[in-house]
Amino acid sequence: MSRARSHLRAALFLAAASARGITTQVAARRGLSAWPVPQEPSMEYQVEDLDRLNIIHVTGTKGKGSTCAFTECILRSYGLKTGFFSSPHLVQVRERIRINGQPISPELFTKYFWRLYHRLEETKDGSCVSMPPYFRFLTLMAFHVFLQEKVDLAVVEVGIGGAYDCTNIIRKPVVCGVSSLGIDHTSLLGDTVEKIAWQKGGIFKQGVPAFTVLQPEGPLAVLRDRAQQISCPLYLCPMLEALEEGGPPLTLGLEGEHQRSNAALALQLAHCWLQRQDRHGAGEPKASRPGLLWQLPLAPVFQPTSHMRLGLRNTEWPGRTQVLRRGPLTWYLDGAHTASSAQACVRWFRQALQGRERPSGGPEVRVLLFNATGDRDPAALLKLLQPCQFDYAVFCPNLTEVSSTGNADQQNFTVTLDQVLLRCLEHQQHWNHLDEEQASPDLWSAPSPEPGGSASLLLAPHPPHTCSASSLVFSCISHALQWISQGRDPIFQPPSPPKGLLTHPVAHSGASILREAAAIHVLVTGSLHLVGGVLKLLEPALSQ
């Protein structure tokens with residue numbers, strides 16, 4: 001919890017600095033309480049200036065990015081100029097800071113980056129390091145961009161947790177949201193969902209309405225207690241079905257049943273923001289029913305407007321339940337990296353396969369492309385993915401190429417190539433072990449194909465105590481995609497594969513199967529950074 005303690009020290013420093021009216025570079029670096037305006041060195045932003053941004057602040061374990069994307073698109077559909085700060089980025093760092101739904105241009109990013117960087121350099125002193133950490137610098141830069149570009153509102157996604165996250169410098173958001181909670185970042189936030197809920201509830205502010213979706217009883221009680229202590233009115237979002245009554249069903253731009261919960265939260269956040277702007281910030285949402293589950297009132301049930309419906313339908317959020325259809329290949333991209341998000345990903349993937357058109361000219365092949373990083377439990381995630389009945393499981397680091405020269409947006413300087421490759425080999429061992437358990441002889445039952453699906457190509461049991469015949473490890477994403485696609489993706493057409501790519505017997509035999517398959521379904525999951533690397537190669541325009 002050392003980082004959490006450092007965030008706490010930063011928050012305490014911020015409070016003291018703000019009380020004393022400190023507007024120095026030290027305050028900017030340690031707590032984001034003040035930072036300079038490059039054009040006028042004598043003028044500086046105060047923390048109070050953030051109040052002008054009309055911020056919607058959103059936290060949660062899973063779905064907070066999708067919730068933010070829905071919310072931003074809904075409000076943009078009203079003709080408002082929107083800002084959107086999110087993390088992590090998939091392909092380019094500019095994705096984290098958006099104006100009107102689009103990443104800021106390279107020119108705008110360069111202008112504001114160097115203005116901020118040089119001003120921080122000019123005002124540094126000997127009491128702290130020369131620059132804020134990476135995420136804090138980008139947070140600082142995002143607020144600077146939004147103020148300078150005069151957005152009507154800013155949707156701000158929490159980085160990690162909430163209480164000690166540097167986005168929590170926001171003193172007076174218009175409204176706050178908490179998406180679904182689960183276990184993630186345990187080394188920083190705690191090892192139970194209740195401890196994590198306490199961290200997430202740290203974004204609540206006195207008198208500022210907050211909304212959450214239905215949670216397990218324990219964490220929901222923690223959120224309620226946090227809200228009561230802070231005098232924050234907290235509301236429970238009704239299911240999306242309640243808002244659809246009396247009107248046509250809502251169409252969502254993001255696939256997956258779990259996105260309905262995120263959309264329901266986004267509708268409440270947008271509705272509350274619009275109401276409070278009409279009332280000049282006065283009043284609270286009128287609860288539709290008092291004293292519900294764990295003494296939380298139910299948020300208003302209202303009829304979504306045409307603008308809201310348009311916003312939900314037009315929402316795009318790459319790398320989350322995203323589908324790319326390319327000839328015989330269909331890529332399913334979802335950055336699920338927790339147990340609950342992996343379960344949602346599996347439901348989405350299997351439903352998508354059941355609703356597909358079956359090819360008549362040959363067999364279908366299912367491929368898993370997976371990686372997991374940080375303190376996640378890869379064995380638990382892989383076990384959840386097994387019911388998808390993959391013919392091949394492919395593992396690789398989150399590196400687009402073996403040589404990362406010129407790929408600074410996706411470099412991770414905290415690990416070596418050897419470390420990430422060893423981790424991939426461990427993932428393969430976990431998968432092989434699960435495969436052996438599933439394939440062990442059972443005299444009383446035989447494996448049955450997935451309901452509504454075709455039998456897998458490689459379901460023949462493997463001999464006990466031998467490795468799976470259907471898993472491979474590649475040294476980078478590019479090599480993995482070259483093997484999976486076999487030149488059949490009309491857009492991803494790399495140069496000839498490197499020597500040795502097909503020397504492994506499984507790679508050699510699998511290549512012929514992939515070349516002859518009528519349809520190849522590839523699920524890419526386990527890490528948003530992996531998904532980002534895949535998108536960089538499959539969608540070259542994202543890098544331009």
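Trainee: Which residues of α17 are buried in this predicted model?

Mentor: Happy to start there. Helix α17 spans residues 528-538, and because 9 of its 11 residues are buried, it is largely enclosed by the rest of the structure. The buried ones are L528, L530, V531, G532, G533, V534, L535, L537 and L538.

Trainee: What do the buried residues of α17 pack against?

Mentor: Both strands and a helix are involved. The strands are β11, β12, β13 (364-370) and β16 (519-525). The helix that the buried residues of α17 pack against is α15 (477-485).

Trainee: Which residues have the most contacts inside the largest nonpolar core?

Mentor: That core has 36 residues. Elements that each supply at least two of them are β3 (55-59), α3 (64-76), β7 (153-157), α9 (240-244), α10 (259-278) and α11 (306-314). The largest share, 10 residues, comes from α10. The residues with the most contacts inside the core are I56, F211, L267 and L312.

Trainee: Which residues is L267 in contact with, leaving aside its neighbours within four places in sequence?

Mentor: L267 is one of the residues with the most contacts inside the largest core. Leaving aside neighbours within four places in sequence, its contacts are I74, L240, L243, L250, F302, P304, M308 and L312.

Trainee: How many residues does the second, separate core have?

Mentor: You have already met two of its members, since L528 and V531 are among the buried residues of α17. This core includes L528 and V531 along with L90 and W331. Its size is 35 residues.

Trainee: How many residues apart are F84 and W317, the aromatic pair that links distant parts of the chain?

Mentor: Their rings are stacked, 5.3 Å centre to centre with 25° between the planes. F84 counts as buried because its relative accessibility is 2%, and W317 counts as buried because its value is 7%. F84 sits in strand β4 (residues 82-85), while W317 is in the loop between α11 and β11 (322-326). In sequence they are 233 residues apart.

Trainee: What is the angle between the planes of Y332 and W348?

Mentor: Y332 lies in strand β12 (residues 329-333) and W348 in helix α12 (residues 339-354), 16 residues apart. Y332 is buried at 3% relative accessible area, and W348 is buried at 4%. Their rings form an edge-to-face pair, 5.9 Å centre to centre, and the angle between the planes is 70°.

Trainee: Which residues do ring pairs link into a cluster?

Mentor: A search of the whole structure finds 15 aromatic pairs. The cluster linked by ring pairs consists of F109, F113, W114, Y117 and F137.

Trainee: Which residue lies over the face of W198?

Mentor: Here an aromatic ring has a charged partner. The distance from the ring centre is 3.8 Å, and the residue is R226.

Trainee: Is F395 buried or exposed?

Mentor: F395 is found in strand β14 (residues 392-395). It touches F370, L382, C424, H427, Q428, W431, S471, L472, V473 and F474, not counting residues up to four places away in sequence. Its C-alpha is 7.8 Å from that of L425, a residue 30 positions away in sequence. Because its relative accessibility is 0%, F395 counts as buried.

Trainee: How far apart in space are C232 and K205, C-alpha to C-alpha?

Mentor: C232 lies in the loop between α8 (217-230) and β10 (234-236), and it counts as buried because its relative accessibility is 6%. Leaving aside neighbours within four places in sequence, C232 is in contact with F204, K205, G207, V208, A210 and A227. C232 and K205 are 27 residues apart in sequence, yet the C-alpha distance is 5.8 Å.

Trainee: Over which residues is pLDDT under 50?

Mentor: The chain averages a pLDDT of 83, and 80% of the residues score at least 70. Where pLDDT is low, the predicted coordinates should not be read in detail. That caution applies even where the model shows contacts: one low stretch has 92 beyond four places in sequence, and the other has 41 beyond near neighbours in sequence. The stretches are residues 1-43 and residues 442-468.

Note on methods. Residues are numbered from 1 along each chain as its sequence is written. This is a predicted model: local features need pLDDT of at least 70, side-chain atom pairs count only at pLDDT 80 or more; totals for chains, interfaces and linings use all residues. Side-chain values use heavy atoms; hydrogens and water are left out. pLDDT is the predictor's confidence in each residue, from 0 to 100. Contact means heavy atoms within 4.5 Å. Helices (H or I, at least four residues) and strands (E, at least two) are DSSP runs, numbered from the N terminus. Buried means under 20% relative accessible area, exposed over 50%, partly exposed in between (1.4 Å probe, protein chains only). A nonpolar core is a set of buried Ala, Val, Leu, Ile, Met, Phe, Trp, Tyr and Cys residues joined through side-chain atoms within 4.5 Å. Rings of Phe, Tyr and Trp (its six-membered ring) pair if their centres lie within 6.5 Å; planes under 30 degrees apart count as stacked, over 60 as edge-to-face and the rest as tilted. A charge sits over a ring if NZ of Lys or CZ of Arg is within 6 Å of the ring centre and within 35 degrees of the ring normal.
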